[in-house]
Amino acid sequence: MTTPVLLYAAGALLEGWLAVMLGISGRALRGADRRWMRWLAAGFACNTARSVLLSFGYSSLNLADHPRALTSTLASVALALMTVALMDYVELGSRAKRRIWLFAGPLLAAIWLSAVLGWLPRGNAVLAACIFFFGWATLFVRAARREPHSGHALVVLAVLTFPAIVVALRLKLLPLELLPISEIVPLAAIGIAVLTTGLVRAHQRALRAGERTAQALAARQRAESELRAVNESLEQRVAQRTAHLEENIAGLESFNRSVSHDLRGPLGGIAGLAGIARAKVAEGHLDEAQTMLAAIERQADDSFAMVAALLELARAGAAQPQRAPVDTTALAGEVVAALEAAGKTASTQVVVQPLPDVEADPELLRQVFANLVGNACKFVRDRSAGRVEVGHASTSNGHAYFVRDNGIGFAPADAARLFRPFERLNGQRFEGAGVGLSIVKRIIDHHGGRVWAEGAPGAGATFWFTLGG
């Protein structure tokens, strides 16, 4: 058995194994990777059949003894199939494929026809096929530039082994008996290199696809989490707006009662007293007229105070806090000093503990302390030893400030009513329009905080508030 017969038989086994491996690998892949592997498997299957025919046709170095037409056809078909596979492998566009086939198609047909008709000796036909291998090398150089770490350079080296071996044979650097090596070894090297790099690339793509899927899943989970947060925030805002609406409705009802009683009464009194005063002036009773005018002045002041309270409540409802660092201890001290100067603390002892600084609107926070401390002083004035304390306590949600007094207190069941506009638990016993605590609540709400009260009848009261973030 001659050397070419053994080489072609070994080549048939190797190429057949590659055709099977490419076919099996292609079944496990999808899309373009499956398509080019199937084309390449078909090309190696054709080359396997050609090697089998050549192994049986060789009995000597007389190349006319084997079926030239059939083997040349198989070789041409194998070249065509492998070219299609490699163009798909390097992911050429349809326009580039058409341009390549405009050149490669006629060339392949000419090589096949010349080999079949005997126009080209076998060695020259093999040499002409080198053009295809150089073309393949160009494709893989292009792919190596696009994907520098995918092993394409290895495929370029495998492709260039074919023209290298052919040149060595032409220069008689290798014996003519090794001619089958020029066909078997390069194709086997190309098949193994392409199969290896293709599987590595498919694995990398699968990993990237997995990463993209994981990222998409994470993004979806983030979106769902954000959507839930938005829904919860929306529900909170709806609940808050509903509570504000209910509060406003209750405030309007209380306002109607207050206007009917506290504002319409003084205005009616003013009108009545003005008529009496005019009659007294006409009768010459000026002293009695002066008394009536003094009463008119008091009722006008009460009406003005009511209107001013309404304006303060409206401003508090529309206020937008402008947060800034606030020295809370100094601010509370200034408020107490202003109340003492206005004579609103009387004999009450007002103590301001050291308070933590806070980010808040300084002017709105000043109004909160003024209303709370002023209220506390008002409700302890009947005590022999009235005391008001301003302090704070640390909670799980941050600092909570308080104003505590030892005044008349209130029933715990009435705690919610304290913050309604125009609610006056003690009637006319204490002066005021009943909007001070409502203003406090609105300011604290605008800061994102919370205000609440604790107390008992005769045991004083404590008003707490936080200022949110």
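These notes go through the overall make-up, the nonpolar cores and one surface patch of a predicted model.

1. Overall make-up. The protein has 469 residues, and 39% of them are buried. Its secondary structure consists of 11 helices and seven strands. The accessible surface is about 24,900 Å², and carbon and sulfur atoms account for 61% of that area.

2. Contacts along the chain. Take the contacts between residues at least 6 apart in sequence: 71% of these join residues at least 24 apart.

3. The largest nonpolar core. This core has 40 residues. Those with the most contacts inside it are Leu-40, Phe-44, Phe-133, Trp-136, Phe-140, Val-159 and Val-194. Seven elements are named as giving two or more residues to the core, among them helix 2 (31-57), helix 5 (122-146) and helix 7 (179-283). Helix 5 gives the most, with eight residues.

4. Phe-133 as an example. Leaving aside residues up to four places away in sequence, Phe-133 touches Leu-79, Val-159, Phe-162, Pro-163, Pro-186, Leu-187 and Ile-190. Val-159, like Phe-133, is listed among the core residues with the most contacts.

5. A second core. Separate from the core just described is another of 39 residues. Its members include Ala-332, Leu-339, Leu-355 and Val-451.

6. A nonpolar patch on the surface. Leu-14, Trp-17 and Ile-192 together make a nonpolar surface patch of about 270 Å². Trp-17 belongs to helix 1, which covers residues 3-28. Is Trp-17 buried or exposed? Neither term fits: its relative accessible area is 44%, so Trp-17 counts as partly exposed. Patch residues need over 30% relative accessible area, and Trp-17, at 44%, has that.

Terms used:
Residues are numbered from 1 along each chain as its sequence is written. This is a predicted model: local features need pLDDT of at least 70, side-chain atom pairs count only at pLDDT 80 or more; totals for chains, interfaces and linings use all residues. Side-chain values use heavy atoms; hydrogens and water are left out. Patches are made of residues with over 30% relative accessible area and no salt bridge: like charges are joined within 9 Å, nonpolar side chains (Val, Leu, Ile, Met, Phe, Trp, Tyr) within 5 Å. Accessible areas come from the Shrake-Rupley method with a 1.4 Å probe; for residues, only the protein chains shown count as cover. A salt bridge is a side-chain nitrogen of Lys or Arg within 4 Å of a carboxyl oxygen of Asp or Glu. Helices (H or I, at least four residues) and strands (E, at least two) are DSSP runs, numbered from the N terminus. Buried means under 20% relative accessible area, exposed over 50%, partly exposed in between (1.4 Å probe, protein chains only). A nonpolar core is a set of buried Ala, Val, Leu, Ile, Met, Phe, Trp, Tyr and Cys residues joined through side-chain atoms within 4.5 Å. Contact means heavy atoms within 4.5 Å.
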